[in-house]
Amino acid sequence: MRSFLLVVLCAFLCSSLEAFAIGQVPYVSAFPESGSFVLAGKKKAASICVDPGDWPGVIRAARDLQTDIARVTSVKPVMPDEPGKLTGDAVIIGTIGRSRMIDDLIRAGKIDAGRISGQWESFLLQVVRRPLPGIANALVIAGSDKRGAIYGIYDLSEQIGVSPLHWWADVPVKHKDALYIKPGAYIQGPPSVKYRGIFINDESPDLSNWVREVYGTVPVRNDPPIPPDVANYNSRFYSRIFEVILRMKGNYLWPAMWNNAFNEDDPDNARLADEYGIVMGTSHQEPMLRAQKEWDRRYQKKLGSWNYYKTPDILRDFWRQGIRRNKNFESILTIGLRGANDTPMIPGGTVAQSMALLEEIVAVQRKMIAEEISPDVTKVPQLWCLYKEVQEYYGAGLRVPDDVTLLWADDNWGNVRRLPTEAERRRTGGAGIYYHFDYVGGPRNYKWINTVSLPAVWEQMSLAKEYGADRIWIVNVGHFKHVLLPMEFFLQLGWDTGRWTGQNIGEYTRLWAAREFGPEFSTEIAEIVSAYTRFNSRRKPELLEPGTYSLTNYREAESIVADFRDLESRAERISSRLPQDAKDAFYELVLFPVKACAQVNELYIAAARNALYAQQGRAATNDLADEVRRLFDADAALMNRYNHAFAGGKWNHFMDQVHIGYTMWQDPRQNVMPRVTRIEVPQAAAMGVAVEGSASAWPGTDTALSLPSFDSLNRRRRYLDIFNRGQEPFEFTATTGAPWILLSAARGNIEKETRLWVDIDWKRVPKGAAGGTVKVTGAGGAGVDIRVAAFNPTVITRETLDGFVEEDGYVSIEAEHYWKNIPAGKVRWEKIDGYGRTLSAMSILPMTAPSVIPPGNSPCLEYRMYLFNPQKVDVLATIAPTLNFVPDRGLRCAVSFDDQPPRIIDIVPKGFDARNGNREWEESVRNACRVARSTHTLSNPGHHTLKFWMVDPGVVLQKIVVDLGGLKRSYLGPPESYFGKKSRSAMN
């Protein structure tokens, strides 16, 4: 935390520059100081000096720096072919052992490279006086290896004000007349995770359509066979991808593979990747550097999909050609084999048969690697991806040699399925994680827009790091452009896992916003981005239905619409105040996703209201049908604007993805408007009344209308809707049966509908329980009485309340609002900001803490509350959808009241299998949570303390609801109950 505060202080002191590398100590300033180096000033720029014998990728990145300095200052530095002729000031860039200038500086003692020499991907950046003959002052960027030097170059580019997203998101570069490097040595690396990469997958339609438009199609040819109309993912495209990965300090790529073959579509792809410094691999189902499409184009018609069980000889030759072709390029070889398109190899075969076949395959592949690449096969990076059924084989005892990295997978929804045991952490090949920001499969595809919660990514990937899965991190980024923010966070977290914590994730987003748009609006932009991604992550747009959010309980649906509208309004206001050159970037990174998601949520809620109105016979039913059509058309117009209007049409097709009208896991062929109902509205006026908390309406219900109860502690107001069932307007009057009942209006004219708010004058209401009515009279003199119940307790007041308080038969609590947080030694509950469907979450640190059975001495969160009618109560704890990531153990917590013994709850049982067909798992990812239930018996009204105990680490508690019989259906649960002043002072 102390180092974090120092970084923030440095950022403040250097705010004149407005942009710097996120999370790093800023070393670039717009103003000189004693000992600083003039990178650019007075219409001159320091020369850039690179040894011509250095890695081509380093030389290429140095040219990017030359361009970036010109972007910022309008002065292009000189970059001579013969560095020895330089005079004046220079930026000296090079790789230790590859650059003669860097090696000379080390030998002369001008720089101390001891902290980076021999390290993986590390760099030193230092101002040096008189480093070499003829050079007065230098900024030295020394890399421990090729990528270390490249990262040093791009780190400087970011700090002078060139965002990694300058091309992919049109982030403008702000002009600066001068750039100065502060004196001192700045060191970064080695990274926390060795290989940090992305997988371009599920790329159709958006990315493939865009690539086809921008780069055309791959020329049809026979050797190798290329069919017509294949989007040309060529070296021009991939050079953009390679560069942004490196600028984000990534190093690894699985290329697009749905209808493409990286190595064959453009033979320059692999060579260029190696030159840039990108480590190439292939997906979990494509072994030995062979794309599935390379097989399909040759053999699909004749032999069908690849299957070692059927065609071993052909596959062996196919693999050998692949690794021979790429053996001189830096790669990680996927080994093993799955059937094509995520299928097992032996349809109907037993697990034992599949395991035996896979053992044979791995042995064949390893022998081939030794023959083609290196006799010492342990020196060749390899991975085995334990995806879907392959993890089942591992659980049944199948193993690969220790030098092979075990790449564990999440459940395709961002929840890690398995992490290494203590014994597995000793394997020389280590372990890694295959993660998802995008997925095609059950229970529903999600690939339209950013739905990624950064706090969730931090929590799951921090688990991975703590449990030793830190050799490879790779994330499925779908069509790429929609997840630029979480992609960068993922790669940066892999670079330095200790930099970001559960408490400063919001600071990451603020620094990101400041880098892209300047400091003036950065805090509010970060709030908007964090909010919309939290809203999307708790229910992905593809999973929305008209009934997702409750129309009748807790004003839930109304709050969803209001919250999105607020975000949209704030984003529009900021957009109007940004400079013109920043508007495109703001639109694609902030405003568009907010508007798009706001519209889709409002669309489904409008459809739900239409159905409810039709059921109640409201005259406004058809208006809601029209509103659904308007919102559906507005969505189409918004997608069209993204594709064709903004940024000069540069990003056409990136919003081709269907996203409305799912009825199964797969996309519909086109967006489908939610079903609406239209009714015949009679001419004559007829009054109807509906109340909060009920879908029924008068007349037409045999049940008396009653508002949800009022109490003097929570003090929520309630509403009733007065509506017309005819075309002609009518007058209504509303009267109360008690002087303490307050109405927002006593009379009015109804054309379609109006909302009448009911509140209580707590200074006049009797003590204890009181009852009254609201009488509404309307068309033709018809009228209805609505019951009002108010509770003004004598035993407790807001001033004497010591904790939360029961409301309408429940208590609702956000997890971070505990009364006490009791650690057990160094094991403790800590908050994760923003990781909750409604606010935040609490989880255990350290994440590797041992389980505690029985839990009476484990870390405990205490929640104080006052209950009026406790007898049998249910506790519903909203838990993040974390899985049983430790083998032979489930995921457990314990709950108790007062001095009662803790009751252990199996949140996820041991042996739980997260896969399609498991209804419990499907619901957990649909809802982005699990609900852990326990039942308790309490004897007396009064203050009680609920205790939430740690049993296993990894439990992420988001919310608690104590149900005393009054809880009603909703998606997010009731809003938080009132808690007294004493509670506020006790809570952190």
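How many residues lie between β2 and β3 in their hairpin? Let's find out by selecting pieces of this predicted model one at a time.

**Stop 1: the hairpin.** Select β2 and β3 and look at the turn: two residues separate the strands, and K42 in that turn has a positive phi of about 55°. The strands themselves pair in the antiparallel sense, over two bridges. To see one bridge, pick G41 and its partner in β3, K44.

**Stop 2: across to β8.** Keep β2 (residues 37-41) selected and add β8 (residues 179-181); three bridges join these antiparallel strands. Click F37 and then I181, its bridge partner in β8. While you are here, colour β2 by accessibility: four of its five residues are buried, so the strand is largely enclosed by the rest of the structure.

**Stop 3: the whole sheet.** Now add β1 to the view. The open sheet has four strands in the order β1-β8-β2-β3, with antiparallel pairing. At the edges stand β1 (28-29) and β3 (44-45); each has a single partner strand, so one side of each lacks a neighbour in the sheet.

**Stop 4: helix α10.** Jump to residues 312-326, the 15 residues of α10, and check the distance between the end C-alpha atoms: 22 Å, which agrees with the 21 Å expected at 1.5 Å a residue. Next, highlight its buried residues, L315, F318, W319, G322, I323 and N326. Turn the view to look down the axis of α10: these buried residues fall within an arc of 125°, so they line one face of the helix.

**Stop 5: what covers that face.** Finally, show the elements covering the buried residues of α10, including α7 (262-265), α8 (268-276), α9 (292-303), β15 (333-334) and α11 (351-372).

Notes. Residues are numbered from 1 along each chain as its sequence is written. This is a predicted model: local features need pLDDT of at least 70, side-chain atom pairs count only at pLDDT 80 or more; totals for chains, interfaces and linings use all residues. Side-chain values use heavy atoms; hydrogens and water are left out. Two strands pair if DSSP finds at least two bridges between them. The expected span of a helix is 1.5 Å times one less than its number of residues. Buried means under 20% relative accessible area, exposed over 50%, partly exposed in between (1.4 Å probe, protein chains only). The arc is that of the directions from the helix axis to the C-beta atoms. Contact means heavy atoms within 4.5 Å.
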